[in-house]
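Student: Could you walk me through one chain up close, starting with how it divides up and then zooming in? I'm in my first year, so please explain the terms as you go.

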Amino acid sequence: MRYLPHTEEDIADMLQVVGASHLEELFSSIPEDCRFRGDLKLAGPVTEWELNDMMAALAHNMAVAPEYKIFLGAGSYRHHIPATVSYLLGRSEFSTSYTPYQPEISQGTLQAIFEYQTLVSLLLGMDVANASLYDGASALAEALLMGARVTGRKKVALSSLIHPHYRIVVCTYLEPAGFEIIQIPYGLDGTTDLSGLREIEGLAAVAIQSPNFFGCMEDLSGAASCAHDAGALLVASFTEPLAFGLYKSPGVLGADICCGEGQSFGIPQSYGGPGLGMFACLKRYMRSMPGRLVGRTEDRDGKPGFVLTLATREQHIRREKATSNICTNSGLCAVTSAMYMASLGGGGLRELARLNYDKSEYLKGELRKAGFGIPFSAAGFNEFVVELPSGSEAVYRRLQDQKLVAGLPLGAFYSEMANRYLLCVTEIMSRQDMDELVSQLRAACNSLAGN
Amino acid sequence: MKELAGSSGLVLNEPLLFERGKRGRFGMSMPRRDVEYFPVDEELAGSGPDFPDLGEVEVVRHYTRLSTWNFGVDTGMYPLGSCTMKYNPKINEKLAALPGFAGAHPFLPTELSQGVLKMMFDLERFLAEITGMDAVSLQPAAGAQGELTGMLIFHAYHRSRGRCRSKIIVPDTAHGTNPASAALCGLTPVKVCSNERGVLSVEAVASAMDEDTAGIMVTNPNTLGFFEENIRGIAEVVHDRGGLVYADGANMNAVLGIVKMGAIGIDVLHLNLHKTFSTPHGGGGPGAGPLCVGESLAPFLPVPRVVMDSGLFRLSSDFPLSIGQLHAFYGNVGIMIRAYCYILSLGSELKKVSQLAVLNANYVKEKLKGILHLAYDRACMHECVFSDKLQAPLNVSTLDMVKRLIDYGFHPPTIYFPLVVQGAIMIEPTESECKEELDLFVEAFGEIVKEAEKSPELLHNAPLRSKVRRLDETGAARNPRLTCAGVIERGKDTA
């Protein structure tokens, strides 16, 4: 096996040094009743060339662009990834290193993460960002735990238009620790109904996602004033950070903590993971933050450099009193997103965001013209809900046979949303792709109505 | 200083991203605009973040230069104890990037995602076979999230039996993530100490285990590099009092094909795919921390789970006792693919991996014994723990010695952990290193110990050849500078 460099001669020499007669003897400290004496029943070993074929066969069994036109978003977005980003993150000095505990030989990762923290803070309009969490969902759970630490309260309110999976993750994290979780309903325009929020007492945090799960922009400043009047923190969640190239950032609108999924920024979709938990907050809450932080400092010669800092918040120092249990995070994905943000620049980000918006507005308009309902009136970014006539499952399947995935059926997540679909359009989709979707939808609906 | 193969050389300076660039430059090809402009709600519109604008060459050079300041497994030996920094096969990177995997949307209809679902289904079975456990969830995104998942299962199990328990036994040799994960579930850690052989005794566990204790978290082999030889007795005591046994699988690289955790009394176990199964650590992730359980705990595993009905794989959330979900989707699939490829490439030769990892650790232990003080003089598993006891009288510390290792072209071992060994130097060579590399590593340590006697100031000042020298960590924490100076303030002014 090429990953194992030992020759028979090496093994014999080394065994002699350690005073063992054969490899088995190395395990003599394991009691016999703990030993496994059989052979592992595993496939393989396979050669590199066989492996190539096996994996190609599996990959072939997946529906991906360009063969399929996939109008799915809902927390995972297909964007163009520049070749430079994939190339640079493949530098094995980045990918094969460990968490930068030894700063003298980790300045590459440390500076890249320090720059990432600055880019994310700028993007979200916050003061400080951490070095990343796993994904947008666990980042939201961590934000609410942080809200509880800051306020000393154990009740949180979640908008029902936060990604449904994120809400489940929040419940999974918080319920065993005795938290009370209140869901805030949504209104007719497709945004969170904040009207009942002021009546809830003892809130630690209010969490709102913007753009929300239906693709609509929320009134974050309204939510901030409700939350702050109640002595609670506003946690702004997101799944599509590109929106902040067009719209005001959550920080400008009054969020105390802002967190979400950074996959859109140069990270492949990979069936949902790995993603990137972006996490930022106001400076006054910095010491309650979860996760790693990189700080600037100087070396003995006064040369600038970077280190992991404020480690007294963390599990390897504080153990059970740590602000989080997180250790390994999404470091390489954070560096990837920084490479993407650096490639795009401020000008590129604004232009790309606007293009996403305009394409989505174009498709919305064409669907309206074709007679389909667009139930929510609130402003959106690159996703929106469309209503199809009843019996839409057959329409959806028919399009699927034509290699068009017509968005996400919402009925599985909101019982009142049968026949409604969440469509996503990024810069990937051409006008022709969108026209094709509209005409196929119309054809399918007509033909099924005719039957 | 003696010149070794990895002694350092060319280092180029590179400013911060924010000190580069010029308005009007682009580093990315802007997609064609084939639709008109639509009006935007002016109330909501913002000015966008004030990122620097760089050209493509600037971006490439920036990150290429940064990368050269990093040490990775591809650069040299990385003997970081309990982190298992083994070689990361390149073919696995290529295969995880196949468009069918990398481009797959997590909400694809079932019929359109059979390839990934089959991979996940098979990987679960592989891991069950390797660990001797019955059911596996691939969802946890890292080891610590696997631990949290395990503790949530402990909590759900006890609740399902009518009574939540408030404490958990955690040995003094445990990783910090263990007590932190338990605390997230409202469990108070109770520390038990290892004995003079560096392992837990049945008696110590028995005296801590009561009817209000949810169970125990054991790392096996433990962080001293020893197999917890009393594990079956410990499991019996814990089970007798209604508790469960959790195993932290961070050190599984020692026992692949040697021990099946399911057969020695373990109820719940997490694995680290980025340690044992060769996926790259990425400078701090992403990893993956699959959770393996015995049959009776399978109903509590996170959803969705991959199931197979009449030849079709699908995701199912129809498990009413499940603790819920921990990831936005199904876990770090890109990492799972790499581990899957690794296991296929090795097959039953995985046993050889553990044999050689243990051989390497024992070889280094024998060769370094005498040069450094060995904390426990007995055969080890995949890692061995030394200390600075012999050098302390020379006023040379563990930190000084390992910083000097950097000048010799090696990544330092894990230091000052486990906490039970003062000045610990914890070395895990992994199976990836050949004998010559290990000999060089031992030789470097030998040189350093000589330097400690003759010119300790060399060690106090080390490293001397790295990009930067020792950094002021106290100052960094006292006056945190977490973003580029002035950039955030300027950003707020323009917003």
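Tutor: Let's start with how chain B is carved up: its domain assignment gives domain 1 (1-28 + 37-69), domain 2 (94-348) and domain 3 (351-470). Those bounds come from an automatic or database domain assignment. This is a predicted model, where local features need pLDDT of at least 70 and side-chain atom pairs count only at pLDDT 80 or more, while totals for chains, interfaces and linings use all residues. Residues are numbered from 1 along each chain as its sequence is written, and chains are lettered from A and ligands numbered from 1 in the order in which they are written.

Now look at domains 2 and 3 of chain B. Their centres, taken over C-alpha atoms, are 31 Å apart. Where they meet, 19 residues of domain 2 of chain B are in contact with 18 residues of domain 3 of chain B. Here "in contact" means that the C-beta atoms of two residues, placed from the backbone, lie within 7 Å. The domain 2 side of that meeting has nine nonpolar residues, nine polar ones and one charged one. In that count, Ala, Val, Leu, Ile, Met, Phe, Trp, Tyr, Cys and Pro are nonpolar, Asp, Glu, Lys and Arg are charged, and the others, Gly among them, are polar.

Step back to the whole chain for a moment. Chain B has 15 helices and 13 strands; these are DSSP runs, H or I over at least four residues for a helix and E over at least two for a strand, numbered from the N terminus. Along its principal axes, the C-alpha trace of chain B spans about 75 × 70 × 45 Å. Why call its radius of gyration reasonable? A compact globule of 495 residues would have a value near 23 Å, and chain B has 25 Å, which agrees. (That radius is taken over C-alpha atoms, and the globule rule is 2.2 Å times the number of residues to the power 0.38.) Of those 495 residues, 61% count as buried. A residue is buried if 20 or more other C-beta atoms, placed from the backbone, lie within 10 Å of its own, exposed if 12 or fewer do, and partly exposed in between. As for contacts in chain B between residues at least 6 apart in sequence, 73% join residues at least 24 apart.

Time to zoom in on helix α4 of chain B, residues 114-131. At 1.5 Å a residue, its 18 residues should span 26 Å, and its end C-alpha atoms are 26 Å apart, which agrees. (The expected span is 1.5 Å times one less than the number of residues.) Among the buried residues of α4(B) are M119(B), M120(B) and L123(B). Those three turn up again as contacts of M336(B), along with L138(B), L273(B), A288(B) and G331(B), once neighbours within four places in sequence are left aside. Right after α4(B) comes G132(B), with a positive phi near 75°.

M336(B) is worth remembering. Together with L144(A), V206(A) and V235(A), M336(B) touches the most other members of the largest nonpolar core, which has 323 residues. A nonpolar core is a set of buried Ala, Val, Leu, Ile, Met, Phe, Trp, Tyr and Cys residues joined through C-beta atoms within 7 Å. The largest share of this core, 17 residues, comes from helix α10 of chain A, residues 331-369.

Next, the place where the two chains meet: 178 residues of chain B are in contact with 170 residues of chain A. On the chain B side, helix α10 (residues 350-368) gives the largest share, twelve residues. That side divides into 99 nonpolar, 51 polar and 28 charged residues.

One last helix in chain B: α11, residues 398-407. Nine of its ten residues are buried, so α11(B) is largely enclosed by the rest of the structure. Those nine include charged-type names such as D400(B), K403(B), R404(B) and D407(B). The buried residues of α11(B) pack against β11 (384-387), β12 (414-415), β13 (425-427), α12 (435-454) and α13 (456-460) of chain B. Just after α11(B), G409(B) has a positive phi of about 90°.

For comparison, chain A has twelve helices and 14 strands, and 60% of its 451 residues count as buried.
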